[in-house]
Each structure stands twice: as structure tokens, then as C-alpha cells.
Amino acid sequence: LPARAGRRRAAMHSAWIRANAVFFFGVAMLGVVTSMCAWSTYLTPPGGRVDVLRVNQVRSLRMAHMSGGWGRPGQPQDRAILTFDLEADLREAFNWNVKQLFLYVVAEYATPSRPFNEVLVWDKIVSSEEEAKLALTGEAVKYPLTDQGTELRGADIKLRLYWDPMPLSGSINIKRSKHRLAKMPAEYA
């Protein structure tokens with residue numbers, strides 16, 4: 001039909017405008033669904049249980065002159081190499097939104113010159129629910145327990161396991177176990 005005189009015919013949108021509308025509608029819906037998925041993880045209770053976490057053996061406690069690190073170069077520092085036992089069932093920490101768990105053992109202790117010290121001594125990445133049941137005996141630390149001075153001898157050490165669920169979407173919520181107490185030797189060994 002011919003257009004009437006004085007009236008303009010409505011122009012159709014181009015293919016690019018339509019593709020742009022479809023694309024950004026899809027992106028907006030993806031954002032909404034991702035947000036809903038992230039919020040749904042707050043409804044799941046935190047999981048995981050640590051049955052055993054204890055120092056098995058102190059293999060070495062000695063004074064080392066470190067080059068670099070804390071303080072002055074060449075300043076003496078206590079350094080301990082130890083083994084530990086760990087029994088934990090962290091399978092409940094896995095859900096549909098957890099990609100992997102980052103586990104780490106931290107040694108906490110107090111000294112007269114520094115009232116609070118935390119040292120990471122071991123870590124592991126758990127990629128599946130099957131790997132999340134741990135039964136380690138005599139596991140050697142990956143990183144030595146190093147004091148910033150020479151006050152590690154005779155110190156009370158608290159071991160704590162932390163697990164950090166890495167979500168596909170959403171916030172990271174670090175969980176931790178209760179501490180387990182151990183005593184360092186009074187003399188260098």
C-alpha cells in the first residue's frame with residue numbers, strides 16, 4: 001500500500017540494534033541468575049569437621065642466621081621443623097557452588113617481645129569432594145615455623161586448620177577449627 005501523503009512510514013530497527021538488545025538482555029539475565037546463585041549459598045550451613053590436629057614430632061629447633069626477611073640481615077631467628085597429624089572430614093564444605101578448597105595450617109604463639117604471632121606452616125588445594133577426607137600422620141610442614149627473634153624455645157604453640165571454599169560465584173568465607181595446643185622444646189634440638 002502506498003503511504004498517505006504527509007505521513008511518514010515507521011522505520012524498522014536494523015539488525016545491529018536488535019542484536020544489541022538481545023545481547024544485553026542476555027548479559028542482564030546472566031547477572032541476575034549469578035546473583036541468585038551467590039545468595040543461595042548463604043542458605044547452606046558451613047560444613048567440615050576436624051577430629052585430630054596435633055604436633056606429632058619436633059624434628060628440629062635451632063637458631064638460624066637469616067639473610068633477609070624480618071629485622072636486620074644476619075639477625076638470629078629460631079626455626080622449627082615439625083610434623084603433625086590431621087584427621088578432618090571437609091566433604092560437607094563442598095556444594096554445587098564450590099570449585100575447590102584451600103586448606104592451611106597456622107601455628108599461633110606468643111613471645112615476651114611479640115604477644116601474637118601467626119605462621120603458616122602447611123597448605124593444600126583440595127579439588128574434589130573425594131579428596132576432602134583427610135587422614136594424615138606424620139605430615140611434614142611445607143614451611144618452617146620461624147620466629148622473628150630467638151623466643152620460640154618453650155613456647156606454647158596453637159595449631160589451627162583453616163579452610164577457604166573457593167566459590168564459582170559469591171563471597172569467600174573462611175572457616176577454621178578450634179586450636180590444638182603443643183609445647184616447643186625448652187632447648188635447641
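Q: Accessible areas come from the Shrake-Rupley method with a 1.4 Å probe. On that footing, what is the accessible surface of the protein?
A: This is a predicted model, with buried residues making up 33% of the 189 residues. Carbon and sulfur atoms own 58% of the accessible surface. The total comes to about 12200 Å².

Q: Which element of the protein has the highest mean pLDDT?
A: Averaged over the protein, pLDDT is 86, and 88% of the residues score at least 70. Going element by element, the lowest mean (86) sits in strand 9, residues 180-183. At the other end, with a mean of 96, is strand 4.

Q: In what order do the elements run from the N terminus on?
A: There's one helix and there are nine strands to place. Helix 1 covers residues 15-40. Reading from the N terminus, you get α-β-β-β-β-β-β-β-β-β.

Q: Which strand gives the largest share of the largest nonpolar core?
A: That core has 33 residues, and L86, L103, L145, I157 and L161 touch the most other members. Strands 1, 2, 3, 4, 5 and 7 each give two or more residues to this core. The largest share is six residues, and it comes from strand 3.

Q: Leaving aside neighbours within four places in sequence, which residues is L103 in contact with?
A: L103 is one of the core residues that touch the most other members. Its partners include L161, another of those top-ranked residues. The full list is L90, W122, D123, K124, V126, L134, L161, Y162 and W163.

Q: Is A88 buried or exposed?
A: A88 is found in strand 2, and its contacts beyond four places in sequence include R49, D51, K133 and L161. K133 is 45 residues away in sequence, yet the C-alpha atoms are 5.9 Å apart. The relative accessible area of A88 is 2%; because the cut-off for buried is under 20%, A88 counts as buried.

Q: What is the relative accessibility of N97?
A: N97 lies in the loop between strand 2 and strand 3. Skipping residues up to four places away in sequence, N97 touches T41, M166, P167, L168 and S169. N97 counts as buried because its relative accessibility is 2%.

Q: Which residue forms a salt bridge with D123?
A: D123 is buried, at a relative accessible area of 13%. The N to O distance in the bridge is 3.1 Å. The partner sits in the loop between strand 5 and strand 6, 19 residues from D123, and is K142.

Q: Is K183, the salt-bridge partner of D156, buried or exposed?
A: The closest N and O atoms of the D156 and K183 pair are 3.4 Å apart. This bridge links strand 7 to strand 9, across 27 residues. D156 is partly exposed at 39%, whereas K183, because its relative accessibility is 54%, counts as exposed.

Q: How many salt bridges does a search of the whole structure find?
A: Besides the two pairs above, the side chains of D51 and R49 meet at 2.9 Å, N to O. D51 is partly exposed at 41% relative accessibility, and R49 also comes out at 41%. Over the whole structure, the search finds six.

Q: What is the area of the nonpolar surface patch made by F25, M29, V32 and M36?
A: One of its residues, M29, is found in helix 1. M29 is partly exposed, with a relative accessible area of 38%, and it therefore clears the cut-off of over 30% for patch residues. The patch area is about 410 Å².

Technical notes:
Residues numbered from 1 in each chain as written. Predicted model: local features only at pLDDT ≥ 70, side-chain atom pairs only at ≥ 80, totals over all residues. Heavy atoms only, no water. Patch = residues over 30% accessible without salt bridge, like charges linked within 9 Å, V, L, I, M, F, W, Y side chains within 5 Å. Salt bridge = Lys/Arg side-chain N within 4 Å of Asp/Glu carboxyl O. Helix = DSSP H or I, 4+ residues; strand = E, 2+ residues; numbered from the N terminus. Buried < 20%, exposed > 50% of the residue type's maximum accessible area, 1.4 Å probe, protein only. Core = buried A, V, L, I, M, F, W, Y, C linked by side-chain atoms within 4.5 Å. Contact = heavy atoms within 4.5 Å. pLDDT = per-residue confidence, 0-100.
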